[in-house]
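Biologist: I'm new to this one, so could you take me through a single part of it slowly? I'd like to hear about the charged side chains that pair up, and where they sit.

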Amino acid sequence: VAAGGGGWVAGLTADLPALRRAGLTGALHAIAAGPPGVRRFVADAPGTGTVLLAAPAGVPLDPRFGVGSAAAHEAGGALPLAGDWPTLRRDVDTAADLAAAARLGLGPHTAALTAARAG
């Protein structure tokens, strides 16, 4: 994890069209600041999925993305991070999710694609 070093590894979902640097940076700093030797994760906006999972050196990442992944990560000993990162938490699984992401502000490529499909 670039923010704190120390050999951390992180996995990030690819369906985050509103992601902004501040949200990701904030989460990475929170990951590096927690207790040593413990995986951490950021749940999606509904709180059931996972958008970011990180593990320190020597600890397997053990990803469980998908429905119920937040509960699965927590049951496996990972600590949830509770920061206010709406653009990081807003993954897109449905049309309603994409509309919510658009309200946060889409990146240029996704905005162009959605505009072209709407037009």
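**The paired charges**

Modeller: Let's begin with aspartate 62, which is partly exposed, with a relative accessible area of 33%. Keep in mind that this is a predicted model. The side chain of aspartate 62 meets that of arginine 64 in a salt bridge, at 3.1 Å from N to O. Arginine 64 is partly exposed too, and its relative accessible area is 42%. Side chains of opposite charge can pair when their charged atoms come close.

The count comes to two salt bridges, so on to the other one. Here arginine 90 and aspartate 97 bring their side chains together, again with 3.1 Å from N to O. And the setting? Both arginine 90 and aspartate 97 are buried, which means under 20% relative accessible area.

Now step back to the charges as a set. The protein chain carries 9 positive and 8 negative side chains, and the centres of those two sets are 5 Å apart.

As for the chain that holds these pairs, there are five helices and four strands in it. Starting at the N terminus, the order is β-α-β-β-α-β-α-α-α. The radius of gyration is 15 Å, close to the 14 Å that the globule rule gives for 119 residues, so the chain is as compact as a globular protein of that length. Of its 119 residues, 35% count as buried, and arginine 90 and aspartate 97 are among the buried ones. On the outside, the chain exposes about 6300 Å², with carbon and sulfur atoms supplying 61% of that.

Conventions
Residues numbered from 1 in each chain as written. Predicted model: local features only at pLDDT ≥ 70, side-chain atom pairs only at ≥ 80, totals over all residues. Heavy atoms only, no water. Helix = DSSP H or I, 4+ residues; strand = E, 2+ residues; numbered from the N terminus. Rg over C-alpha atoms; globule rule 2.2 N^0.38 Å. Buried < 20%, exposed > 50% of the residue type's maximum accessible area, 1.4 Å probe, protein only. Areas by Shrake-Rupley, 256 points an atom, 1.4 Å probe, with all protein chains shown as cover. Lys, Arg positive; Asp, Glu negative; His and termini not counted. Charge placed at Lys NZ, Arg CZ, Asp CG, Glu CD. Salt bridge = Lys/Arg side-chain N within 4 Å of Asp/Glu carboxyl O.
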